[in-house]
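I opened a notebook on a structure that is new to me. These entries record what I looked up, in the order I looked it up.

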Amino acid sequence: MAGLFWAVYALWLASEVWILQRDRAPAAGVARDAGSRGLLIASIVGGVVLAFMLAHVRWSATPWSRAEAVPVGAALMLAGIAFRLWAVRTLGEHFRTQVTLLDQHRLVRSGPYARVRHPAYTGALVTCLGLGVSLANWLSLLAMLLIPLAGLAWRVRVEERALGERFGSDWRGYRATSWAMLPPIW
């Protein structure tokens, strides 16, 4: 089972490297990031580091073993990676790792954006959940949910403010008919 976990973990890292590499192409627009990219990266990396450290705390081990947890966690990670990549591909040139209002920006409401305004972040959070489940430790699971969620919540706030300024009533209409990240919670 360890091989499965590390293979899916490597796939996650590779997908994030691909996303960062495709974002290197120059784009004309106005940056509105407010430091959210750095905070988001730090929250996810911090969650991962803490989750691995906490995975060895015996009193917070889950009732299921790592051998039982890894297939479930790997499936969640794969689903999260796939959903995130679908969101990135749907936005195409409009997807940026920094909040940027592009000169030719348009509001996308198709694909995963039909019901969720930030599906790439939903995919990231599901991937984090899968990693936490794979470690078969309640503290690791909490670290992989709460720490990245804090970074994602800030990022969503920054992005929604920028998109609201750019698209006005169209954005408000879209917000009224969609979920931010986690239907039906948020």
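**Entry 1: the model and its largest cavity.** I noted at the outset that this is a predicted model. I began with enclosed space, and the search of the whole structure returned 1 cavity of 30 Å³ or more. I read its volume as about 340 Å³. Which residues lie nearest the centre of the largest cavity? I found L91, H94, H105, E159 and L163 there, out of 24 residues that line the cavity. I then looked up the elements that give two or more residues to this lining, and they are β2 (100-102), α4 (119-134) and α5. The largest share comes from α5, with 6 residues. I sorted the lining by class and got 14 nonpolar, 5 polar and 5 charged residues.

**Entry 2: the largest pocket.** Next I turned to open space. The largest pocket has a volume of about 480 Å³. I listed 22 lining residues for the pocket, with E16, L20, I41, I44 and R84 nearest its centre. Which elements each supply at least two residues of this lining? I wrote down α1 (2-22), α2, α4 and α5. By class, I have 16 nonpolar residues in the pocket lining, 1 polar and 5 charged.

**Entry 3: α2 against α5.** I moved on to helix packing. I looked up helix α2 (residues 36-54) and helix α5 (residues 138-176), whose axes are 7 Å apart and meet at an angle of about 175 degrees. An angle over 145 degrees counts as roughly antiparallel, so I entered α2 and α5 as roughly antiparallel to each other. On the α2 side I listed S36, R37, L39, L40, S43, I44, G47, V48, L50, A51 and L54 as making the contact. On the α5 side I listed L139, S140, A143, M144, I147, P148, G151, L152, W154, R155 and V158. This contact of α2 with α5 divides into 15 nonpolar, 5 polar and 2 charged residues. I44 was already in my notes as one of the residues nearest the centre of the largest pocket.

**Entry 4: α4 against α5.** How far apart are the axes of α4 and α5? I have 8 Å, with a packing angle of about 170 degrees. The two helices are therefore roughly antiparallel to each other. From α4 I noted Y121, L125, C128, L129, L131, G132 and V133. They meet S140, L141, M144, L145, P148, L149, L152, R155, V156 and E159 in α5. I counted the classes as 13 nonpolar, 2 polar and 2 charged residues. E159 had come up before, near the centre of the largest cavity.

**Entry 5: α1 against α2.** I looked up one more helix pair. α1 and α2 pack at an angle of about 170 degrees, with 15 Å between their axes. That angle makes α1 roughly antiparallel to α2. In α1 the contact residues are F5, W6, Y9, W12 and L20, and they meet R37, I44, V48 and F52 in α2. By class I have 8 nonpolar residues, no polar and 1 charged. L20 and I44 both appear in this contact, and both were in my list of residues nearest the centre of the largest pocket.

**Entry 6: aromatic pairs.** My search of the whole structure gave 10 aromatic pairs. I wrote out one of them, the pair of F5 and Y9, which is stacked, at 5.9 Å centre to centre and 15 degrees between the planes. Why are F5 and Y9 separated by about one helical turn? They are 4 residues apart in helix α1.

**Entry 7: backbone details.** I finished with two points on the backbone. I found a cis peptide bond from P183 to P184, with omega near -10 degrees. I placed P184 in the segment after α5. A34 has a positive phi of about 55 degrees, although it is not a glycine. I located A34 in the loop between β1 (29-31) and α2.

Key: Residues numbered from 1 in each chain as written. Predicted model: local features only at pLDDT ≥ 70, side-chain atom pairs only at ≥ 80, totals over all residues. Heavy atoms only, no water. Axes fitted to C-alpha atoms, helices over the stretch in contact; angles between N-to-C directions. Parallel < 35°, antiparallel > 145°, perpendicular 65-115°, else oblique. Contact = heavy atoms within 4.5 Å. Nonpolar A, V, L, I, M, F, W, Y, C, P; charged D, E, K, R; others polar. 1 Å grid on protein atoms, 1.4 Å probe; cavity = no way out; pocket = protein on both sides within 12 Å on 5 of 7 lines; lining within 4 Å. Points joined across faces, edges and corners; volume = space filled by probe spheres on them. Phe/Tyr/Trp six-rings, centres within 6.5 Å; stacked < 30°, edge-to-face > 60°.
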